[in-house]
Amino acid sequence: QLILDTLDKEGTIKDTRTLTLPGHKDLAASHDSQIIILGALNSLSSRDMISYTTQETISHVLTPEGASIALNGSHEARVWAALPFKGEGDPVTPKDLEAKIGSEIAKVGQGRAFKSKWIGKEGNGLVKTVSSIEDVTQQEMREIDSTGTLKSGEKALAELRKRKLIVQRKGQWFTVQKGPAFSTSTAKPETDLTVDMITSGSWKTSTYKKYNFEAEGIPTNGGALHPLMKVREEIRNIFLEMGFAEMPTGSFVESGFWCFDSLFVPQQHPAREVQDTFYLSDPSTSLPPPKDYYDRVSTVHEHGGYGSTGYRAPWSEAETRKLLLRTHTTASSSAMLYKLAARCRGEEVDPNNDGLATHSGSTQRGKGDSGADATGFRPAKLFSIDRVFRNETMDATHLAEFHQVEGVVADRDLTLADLIGFMRVFFKKMGIENIRFKPAYNPYTEPSLEIFAFHPQLRKWVEVGNSGMFRPEMLEPMGFPKDVHVHGWGIGLERPTMIRYGINNIRTLVGHKVSIEGVEKSPAVRF
Ligand code: PHE
């Protein structure tokens, strides 16, 4: 109000240090009052009632020691005052002087008082040698206290700073002008136009708060996709634009037959042990798989066939019937490939509902067209992104459940070069340009390749996936012709998500420690 009234009277305020704040009379020029003034200026200028410019100053304030001198006099003046005039009383010994005015003041003050020839020695004691003194230090302290500076100038100020009696302080003061919405009324501007304002006509004279186009708005309430699901969507789009169809993968529970045996994983393989795989206790066994196929699978394991010697190890039907939480989505891929080979086995299949896909990419066939050739085979590109389970020790980067991204391509005469070329294209679409391959081993693929990507932040090659050409021991018992080759690859969903979102502990992403707010605010992902 003071600012507005002063502007109203004088047009401008050249220097806010000249404003006298009610209740702050002595502080008009002080640091604190300029801070109070600045608060008022900001609030008035946000309403366009005023505008102001800031001026910087350097002023001085007293240290506690300086303040004590302003009040009680300098050390030397106090020494002088504590002594008798020469010949008018008993000289005071230095020891008595210390007892009288304090040892610190007595010691420092004596030196200065001697230097100014204010005091002298008389026997063992001290006496005044001049009848009056001028306490310049005290005067300077008082001047600085009220004006923030000294008329005598910087040299004297520097001396006092060195004596630690004053310190510099940066200050501000302001020049103020009227703004476009100047008024002497500080009534709060309206933020809403109400029915009352319209009927009473008060809207004509009201002042209104300006729109703040920078305001972020109130967050909306609503569902939010988890970061993993955002990355899944992005990867799903890559598959769909490359003409893949999404396999139905809702069956988290599989049998040992589909998860391992159909994939030519030997029954003695360590991955099948309870330390690695979660088995179900109730129910604990599955229905039997199709009889003919089961026989061909058990034969290729036990005795070989299709050019293979097989494992020639004991075969247990109980092992194939155990129910488990699938350890990889390749269990679903296997079941889908078995379906894809149905016509090759001479089975009837509804061309409009072959059970292979939930989402389809661009190579979807026409209605009623099975796409199959004379042998009953048709090429297929299938993918899945879903959950798998492993009995792992959990740490910052491992959980007992995670997501796999998997793609399989079936066609005649596919080669390893097709697989490599395909993965280069796929990873490039994910923004990963630099990949290389390392020979690896999977029971169901030969050759097998591990995929490594160069991580530009970590500046090293990190393993991102696993791949290979499915073995004839897996494909031929399903009924595929010999020249139908299938390649497949799998990558994790969690690692690319953690890299995308800069998360280094999996528990920040999955589990009870996940922040709902973090999920709600997680940005969209674009590869
Ligand atoms: N099932 C493999 C894994 O869990 C990935 C894979 C899929 C490998 C298809 C080859 C072919 O790592």
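A residue is near a molecule or strand if its C-beta atom, placed from the backbone, lies within 6 Å of it. By this criterion, the residues around the ligand are His328, Thr330, Glu406, Asn442, Thr445, Asn466, Ser467, Gly468, Gly488, Trp489 and Gly490. Two elements, strand 13 (460-470) and strand 14 (484-492), each give two or more residues to this shell. Strands here are DSSP runs of E with at least two residues and helices are runs of H or I with at least four residues, both numbered from the N terminus. The shell comprises 1 nonpolar, 9 polar and 1 charged residue, where Ala, Val, Leu, Ile, Met, Phe, Trp, Tyr, Cys and Pro count as nonpolar, Asp, Glu, Lys and Arg as charged, and the others, Gly among them, as polar.

The model is predicted: local features need pLDDT of at least 70, side-chain atom pairs count only at pLDDT 80 or more, and totals for chains, interfaces and linings use all residues. Residues are numbered from 1 along each chain as its sequence is written.

The protein chain contains 18 helices and 14 strands. Of its 527 residues, 29% are buried; a residue is buried if 20 or more other C-beta atoms lie within 10 Å of its own, exposed if 12 or fewer, and partly exposed in between, with C-beta atoms placed from the backbone. Among contacts with a separation of 6 or more, 69% are between residues 24 or more positions apart, a contact being two C-beta atoms, placed from the backbone, within 7 Å.

Strands 13 and 14 belong to an open sheet of 7 strands with mixed pairing, in the order 6-9-10-14-13-12-11. Two strands pair if DSSP finds at least two bridges between them. Strand 6 (245-246) and strand 11 (435-442) form the edges, each pairing on one side only. Within the sheet, strand 12 (residues 445-455) is antiparallel to strand 13 over 9 bridges, and Leu449 has Ser467 as its bridge partner in strand 13.

Helices lie across this sheet. Helix 10 (residues 227-241) crosses strand 6, strand 9 (380-389) and strand 10 (401-412), and runs at about 165° to strand 9. Helix 14 lies across strand 9, strand 10 and strand 14, at about 25° to strand 10. For these angles, axes are lines fitted to C-alpha atoms, for helices over the stretch in contact, and values run from 0 to 180 degrees between N-to-C directions.

The largest nonpolar core has 56 residues, and those with the most contacts inside it are Leu337, Leu382, Ala410, Leu475 and Val486. Such a core is a set of buried Ala, Val, Leu, Ile, Met, Phe, Trp, Tyr and Cys residues joined through C-beta atoms within 7 Å. Helix 14 (residues 330-340) gives the most to this core, with 6 residues. Leu337 touches Val408, Ala410, Met478 and Val486, not counting residues up to four places away in sequence. A second, separate core of 12 residues includes Ala77, Trp80, Leu83 and Leu126.

Other strands pair elsewhere in the chain. Strand 5 (residues 166-178) is joined to strand 1 (residues 12-13) by 2 bridges in the antiparallel sense, with Ile13 partnered by Val176. Strand 5 also pairs antiparallel with strand 2 (residues 50-62) over 13 bridges, where Leu62 stands opposite Ile166.

Finally, Ser255 lies in strand 7 (residues 253-255). Ser255 is buried because 24 other C-beta atoms lie within 10 Å. Not counting residues up to four places away in sequence, Ser255 touches Ser286, Thr320, Arg321, Lys322 and Leu323.
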